[in-house]
Amino acid sequence: MGRPRKTIKEKKLKGTYRKDQDRKPTLITGLGLDTTPPQFLSKMQALEWQTLLSVLDERILIEADKTMLSMLAISIHEFKRQSTALSKEGMTIQGGTKQNPKVKLVEKARKDILELSAHFGLSPRTRANIELPEQPKKLSELDKIMMMK
């Protein structure tokens with residue numbers, strides 16, 4: 001495995017950033033995302049979905065992200081549910097001779113969460129690579145007066 005990619009900020013600081021070589025796709029902004037959870041989610045999964053929405057920046061979300069966001073909410077809910085059951089039942093079954101099948105379910109959900117959350121910038125490394133569109137500056141009264149001249 002090669003070395004990790006440098007962030008755009010790192011490249012700009014070193015003076016090696018070239019926009020024509022930037023692989024980052026252009027952000028689609030202004031489309032928005034309907035904030036109601038999909039109907040196929042259970043109540044607990046819908047709560048996870050709402051929690052994720054509250055953490056994510058709506059400027060980078062579009063309607064097409066709804067399915068992947070739902071998959072992440074389902075994985076988080078499954079991870080919590082299976083982890084709770086595993087803590088009650090233990091890591092082994094049949095007198096300690098077999099691994100509890102829930103161990104694999106927890107591990108699968110953990111991998112899914114890590115993979116899906118990276119797509120939304122929910123880890124420090126992927127968050128550093130996200131460039132949000134600039135918010136319009138609020139002009140002070142002095143700025144407004146200066147612009148009139």
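Lys108 and Asp112 sit together in helix α4 (residues 101-119), 4 residues apart, or about one turn of the helix. In this predicted model, the two side chains form a salt bridge, with their closest N and O atoms 2.9 Å apart. Asp112 comes out as partly exposed, at 23% relative accessibility; the cut-off for buried is under 20%, so Asp112 doesn't qualify.

The helix that carries this pair has the span one would hope for. At 1.5 Å a residue, the 19 residues of α4 should cover 27 Å, and the end C-alpha atoms are 28 Å apart, which agrees. Just past α4 comes Gly121, with a positive phi near 70°. As for the inward side of the helix, the buried residues of α4 are Val103, Val106, Ala109, Ile113, Leu116 and Ser117. What do the buried residues of α4 pack against? Their partners are α3 and β2 (98-99).

Ser75 gives a close-up from the other helix, since α3 is where Ser75 is found. Ser75 counts as buried, at 9% relative accessibility. Setting aside neighbours within four places in sequence, Ser75 is in contact with Ala109, Asp112, Ile113 and Leu116. Asp112 thus turns up twice, as a contact of Ser75 and as the salt-bridge partner of Lys108. Ala109, Ile113 and Leu116, for their part, are among the buried residues of α4.

Back to the charged pairs: a search of the whole structure turns up 6 salt bridges, including the Lys108 and Asp112 pair already described. Another is formed by the side chains of Lys80 and Glu48, at 2.8 Å from N to O. Lys80 belongs to helix α3 (residues 66-89) and Glu48 to helix α2 (residues 43-55), so this pair ties together parts that are 32 residues apart in sequence. The two ends of the bridge don't share the same kind of surroundings: Lys80 is partly exposed, with 44% relative accessibility, whereas Glu48 is buried, with a relative accessible area of 13%. Then there is Glu63, which forms a salt bridge with Lys66, the closest N and O atoms being 3.6 Å apart. Here the acidic residue Glu63 is partly exposed, at 40% relative accessibility, while Lys66 is buried, at 13%.

On the nonpolar side, the largest core holds 14 residues, of which Trp49, Leu52, Leu69, Leu72 and Phe120 touch the most other members. Which elements give two or more residues to this core? They are α2, α3 and α4. Leu52 shows how things look from one of these well-connected members. Leaving out neighbours within four places in sequence, Leu52 is in contact with Leu69, Leu72, Ala73, Ile76 and Leu122.

How far can all this be trusted? The protein chain has a mean pLDDT of 81, and 85% of its residues reach 70 or more. Among the elements of the chain, α3 has the highest mean pLDDT (93), and helix α6 (residues 141-148) the lowest (72). Over residues 25-30, pLDDT stays under 50, and for this stretch the model has 8 contacts beyond four places in sequence. Where pLDDT is low, the predicted coordinates shouldn't be read in detail.

Key: Residues are numbered from 1 along each chain as its sequence is written. This is a predicted model: local features need pLDDT of at least 70, side-chain atom pairs count only at pLDDT 80 or more; totals for chains, interfaces and linings use all residues. Side-chain values use heavy atoms; hydrogens and water are left out. A salt bridge is a side-chain nitrogen of Lys or Arg within 4 Å of a carboxyl oxygen of Asp or Glu. Buried means under 20% relative accessible area, exposed over 50%, partly exposed in between (1.4 Å probe, protein chains only). pLDDT is the predictor's confidence in each residue, from 0 to 100. Contact means heavy atoms within 4.5 Å. The expected span of a helix is 1.5 Å times one less than its number of residues. A nonpolar core is a set of buried Ala, Val, Leu, Ile, Met, Phe, Trp, Tyr and Cys residues joined through side-chain atoms within 4.5 Å.
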